[in-house]
Amino acid sequence: MRRKIVMVFVLWYLMCQLGLESASHVGLLTIGLKKRGLGLSRLRASRFLWRKSAERLCDIRGGNGDSGIDVMPLKNYLDAQYFGEIGIGTPPQNFNVIFDTGSSNLWVPSAKCYFSIACYLHPRYKASESSTNTKIGKFCRIPYGSGSIYGFLSKDNVRVGRLTVNDQVFIESISEGNLALIMGKFDGIIGLGFREISVGRAKPLCYNMFEQHLISNNLFSIWLNRDPAMEEGGEIVFGGVNSKHYKGEHTYLSVNRKGYWQFEMDDFLIGNRSSGVCDGGCSAIVASGISSLAGPIAVVTQINHAIGVEGIVSAECKQVVSEYADVICDLLTSGTLPGKVCSHLHLCCSVGTQAEIKTVVEMNYKEKSWDNNLCSTCKMVVSWVQGHLREKLIQEEVFSYVSELCESLPSPMGELVVDCDNIARMPNVSFTIANKSFILTPEQYILKVREDNFTSCFSGFIAIDVPPPQGPLWVLGDMFMGVYHTVFDVGNRRIGFAEAT
């Protein structure tokens, strides 16, 4: 059973299936989503792929029945990724592609892909069979951490629903060195991020939709239905917003780093307690290419502890606590900046000159076998101690809690099993964004996986550590977007959230 659970995390985010129907008018394109159930055999590959990917690192109304709407239903496979059928070329060659706000390129397998197994398991684009193909030929690569796709740029017409985007630049993939691409149900990806992160500077498809007057407003919105009993999975609306799928007003905030849909986040709370991760500022990215919620390992560990995750025991963490916790408390209470504590303990190297660095490194290799892992562990323990000293707890209480957190560190492969019977007793978590609280209940952040009449429950949080200045960083995936309807306003470089209905 343990092996089966470990295998769960390889396929989740990238395994999905989408059916497509459409009716069109210029101005708005609506893509409806449908669901399929989540099974154990596909969960782990997708989670592993996202973990590796993350590490490299005008409210316009509309709705079904209104004029200027194009409806295109989607199916959601495994509550994970949403993809739909598009056509490339003349006549159209059809491909199932993921709609991913965490990337910006369109790519599909090429007929010239000869040496990758994944290409033979999916339809391949044949440039010679399209009368509208224009050869570009520039080679490029998109890394995915556990592998990559490699190919060359081409240009052709792309049909989405009954809309046709002319002269869209895309990648013909000729090498797909990734296990999840072999096992996935999708053929390629449509990136919905900004052009700044587009490989080869290719103009994203949603840009061309607006510039070619196929949609009336330079934005799109996403509603996800997370009810597993419902066939309808949600919808993506290009050019507008369907007012039926949210209530109240959207909270808008500016994109602070154009590329990803990234913004400043104020705080993250477990129950009513601040995690402290955003004290020095932190950012968040909204990405429809991930079902989970990804955050700094120090905070994810606190969540795991609060919800009773069965994690691995970290000897390194316990070593730092047992040997240095009292000194860490003394340094923090005496006014030492948290970022300097581990340097004072010679567990991190943070000195100025090359000669000084060499001396410190040599000294610590001799005295303590200094390495990056121990440095990271020290910083994590400091953040935990600092957070609880603020609450004026006695040192013994702080030490006891921090030692317990060591037990809740995520395992290397990310399997975070929880007791399904305890969900009702778990705390809410909340993201403070633009001074407003966006709450997720345990039912919304715990994943229930059913197979062979047996239900397993998993934490919806996975750990990534992105160092400053880019980090700390949160990635808010479908788990967040299922609770909060999201508007991606390309033209005004802003993103908006409202409670989904």
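# Exercises on pockets, sheets and odd torsions

The lining of the largest pocket draws its largest share, 10 residues, from α10. Keep in mind that this is a predicted model. Grab the structure and work through the tasks below.

**Exercise 1. Work out how big the largest pocket is and which residues are closest to its centre.**

Step one is the volume: the largest pocket comes to about 1000 Å³. Step two is the centre: 37 residues line this pocket, and the closest to the centre are Val277, Lys379, Ser383, Pro468 and Pro472. Step three is to trace the lining back to secondary structure: β20, α6, α8 (338-344) and α10 each put in at least two residues. Last comes the chemistry, where the lining divides into 18 nonpolar, 14 polar and five charged residues.

**Exercise 2. Now do the same for the largest cavity: find its volume and its lining.**

Start with the volume again, which is about 50 Å³ for the largest cavity. Next, list the lining: Arg273, Ser274, Ser275, Gln302, Ser383, Trp384, Gly387, His388 and Glu391. Then ask which elements supply at least two of these residues; they are β19 (273-274) and α10 (372-389). The largest share, four residues, comes from α10. Finally, sort by class: one residue is nonpolar, six are polar and two are charged. For a spot to click on, try Ser383, which is part of the cavity lining and is also listed among the residues closest to the centre of the largest pocket.

**Exercise 3. Lay out the five-strand sheet and explain why β17 and β27 each have one side without a neighbour.**

A reminder before you start: strands of a sheet pair through backbone hydrogen bonds, either parallel or antiparallel. First write down the order, β17-β20-β28-β21-β27, in an open sheet with mixed pairing. Now look at the ends: β17 (262-265) and β27 (461-463) are at the edges with a single partner strand each, so one side of each has no neighbour in the sheet. The twist from one strand to the next averages 25 degrees.

Zoom in on one pair: β20 (residues 282-286) and β28 (residues 473-476) run parallel, with four bridges between them. To get the register, note that Ser283 is opposite Leu473 in β28. Then add the helix: α6 (residues 297-307) packs on this sheet and touches β21 (293-295), β27 and β28. The direction of α6 makes about 140 degrees with that of β27.

**Exercise 4. Give the strand order of the four-strand sheet and find a bridge partner for Leu269.**

The order is β19-β18-β23-β24, and this open sheet pairs antiparallel. At its edges sit β19 and β24 (436-440), each pairing on one side only. Inside, β18 (residues 267-270) and β23 (residues 429-433) are joined by four bridges and run antiparallel. That leads to the partner you want: Leu269 bridges to Ser430 in β23.

**Exercise 5. Decide the handedness of the disulfide between Cys278 and Cys282.**

Count first: the structure has six disulfides. In the one formed by Cys278 and Cys282, the sulfur atoms are 1.9 Å apart. Then take the torsion about the S-S bond, which is about 55 degrees, so this disulfide is right-handed.

**Exercise 6. Hunt for backbone exceptions: what is the state of the peptide bond from Thr90 to Pro91, and what is the sign of phi at Asp167?**

For a baseline, most residues other than glycine have a negative phi, and most peptide bonds are trans. The bond from Thr90 to Pro91 is cis, with omega near 0 degrees. To place it, find Pro91 in the loop between β6 (81-88) and β7 (93-100). Asp167 has a positive phi of about 55 degrees, even though it isn't a glycine. You'll find Asp167 in strand β11 (residues 163-176).

Notes
Residues numbered from 1 in each chain as written. Predicted model: local features only at pLDDT ≥ 70, side-chain atom pairs only at ≥ 80, totals over all residues. Heavy atoms only, no water. 1 Å grid on protein atoms, 1.4 Å probe; cavity = no way out; pocket = protein on both sides within 12 Å on 5 of 7 lines; lining within 4 Å. Points joined across faces, edges and corners; volume = space filled by probe spheres on them. Nonpolar A, V, L, I, M, F, W, Y, C, P; charged D, E, K, R; others polar. Pairing = 2+ DSSP bridges. Axes fitted to C-alpha atoms, helices over the stretch in contact; angles between N-to-C directions. Contact = heavy atoms within 4.5 Å. Disulfide = S-S within 2.5 Å.
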